[in-house]
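Visitor: Could you take me slowly through one part of this model, starting with a residue on a helix and working outwards from there? I'm new to this, so please explain the terms as you go.

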Amino acid sequence: MNYRRLAQWSMLFIVIIFVSQAFLIGRLFQVNYEFLGKVVNTTLNDVYTKDMNKRLGQVSTGAHPTMEVKDFDPQRPVNGYDVDAMAGVDKSNTITLVNIAIESFLSSEKPLKLSAIDSVVSILLEQENIHAVFYTRILDLKTGKELECSKKNLSVKPTAFSMIQSKNIPLNFEQTKVLQLVLLNPLKTIFSQMLWILILSFLLCLFCIYCLYSLQSTLSKQKKLAQSKSDFYNQVSHELKRPVSVVYQAIDSLLNTKAIDNIERRERYMTVSMAELHRMNSKIDMIMALSMEEEGMFRLNRAEFNLLNLVVELRERYFITAPKPLDIQIRNELKHPLILADKDHLFQCISNLIDNAIKYSGECVNILIHLFEEAGAACISVRDDGLGISEDDQKLIFLKFERVNADRKVHGYGIGLSYVKQIVEKHGGHISVQSERGKGSEFIIRLPQS
């Protein structure tokens, strides 16, 4: 499996999701912003029309006046105003001219009050679920000055999104005096309307980031595991080939030379062959035990045996097969050396600890095996004077396929200490390590005596 290609495609899809989310949110914001502008324009037009009709009703002495415009002729005066004679007047919109004429008529007796406009605007905006600060004002477009404002204390610097200004409603025929509604801080209103969409988008982004992180982490672990398994198979093949090669050479020497008649040489060859075969058998048992443990099929074969005798047997075997000068000291403080455990697997556990002490040491190896009791447990301590283990590596050494001091060219699977930990825990015990870089290591196995 091409993990890198899979990771690249996954990142590409997540980036596409992010870009799509950003585009949709941006588009939704634009639509809401434009809609809010239309609401502001519609609201001001409605309010101004209602206010003008109300003021007309207050001015009229009889029935409410009505106005109907038919076939508008600019040469004809409108409500006493000669529009055609006025310079700079846009005569294209009849309704606007009529409204301006009415406003000019009302301005003398019932002038426009911004406070009244604001009160009605507030009601209409509330109905549209728009809760924002606003004000109305009258501007002089010719001079650019603000002639009147409903809220004089507000000081807002106009920016792209700091306010929404309605379309101007002209109040004179020259259309230089206009009424305008200004909505402040429209972003707050828009984002409040988009709140759930933003929350869901944010959660989706977090989920995508988490998925990307999980995918990257999983792919990294899978890649590392695949590499570890590949190295494991290579090392196992090499390690199992070595004892076969040694036994083959020993048997070949016995068959093709007169060594078979030499009792001393014959015994040495046979001893070496037995030791290599035993080592190969132990490695195979260890691998099978780990495999069965993963499948939940592993079981211990408990029996009572003498722990001190087991350690002595191990020492004698290593004196014969050790690849370098070796000194193993045994200190026994057990009052009752009999223990109920799986002898073969415990033998392999202690053997693994001794193997590691020999591998990661200098030219000469000094090992102390200390047997003692502590809090109702039988303890086995294996101490060496080798390279030691750093504090960071101590957290990894019991993980499968993890190897420390990998810069040293020594054979190993990275499963020995993992196997030891699983066997000890199967017995209901515990294993710990005390080590310092350059000053050796001490592994302590604690097993319940009952």
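Guide: Leu195 sits in helix H5, which covers residues 195-256. Helices here are DSSP runs of H or I with at least four residues, strands are runs of E with at least two, and both are numbered from the N terminus. Before we go on: this is a predicted model, where local features need pLDDT of at least 70 and side-chain atom pairs count only at pLDDT 80 or more, while totals for chains, interfaces and linings use all residues. Residues are numbered from 1 along each chain as its sequence is written, and side-chain values use heavy atoms, with hydrogens and water left out.

So is Leu195 buried or exposed? Leu195 counts as partly exposed because its relative accessible area is 43%; buried means under 20%, exposed over 50%, and partly exposed in between, with a 1.4 Å probe and protein chains only. Leu195 also belongs to a nonpolar surface patch, together with Trp196, Ile199, Leu200, Phe202, Leu203, Leu206 and Ile209. Their accessible area comes to about 840 Å² together (Shrake-Rupley method, 1.4 Å probe; for residues, only the protein chains shown count as cover). Patch members have over 30% relative accessible area and no salt bridge; nonpolar side chains (Val, Leu, Ile, Met, Phe, Trp, Tyr) are joined within 5 Å, like charges within 9 Å. A salt bridge is a side-chain nitrogen of Lys or Arg within 4 Å of a carboxyl oxygen of Asp or Glu.

Now hop over to helix H8 (residues 343-359), where you'll find Ser351. Ser351 counts as buried because its relative accessibility is 9%. Skipping neighbours within four places in sequence, Ser351 is in contact with Leu314 and Tyr318, contact being heavy atoms within 4.5 Å.

For some strands, look at S1 (residues 134-140), where seven of seven residues are buried. Phe134, Thr136, Ile138 and Asp140 point one way, and Tyr135, Arg137 and Leu139 the other. S1 pairs antiparallel with S5 (residues 177-184) over seven bridges; strands pair if DSSP finds at least two bridges between them. There, Tyr135 is opposite Val182. S1 also runs antiparallel to S2 (residues 145-149), joined by four bridges, and Arg137 has Cys149 as its bridge partner. Four residues lie between the strands of this hairpin, and Gly144 has a positive phi near 80 degrees.

Zooming out, the protein chain has nine helices and twelve strands, and 37% of its 450 residues count as buried.
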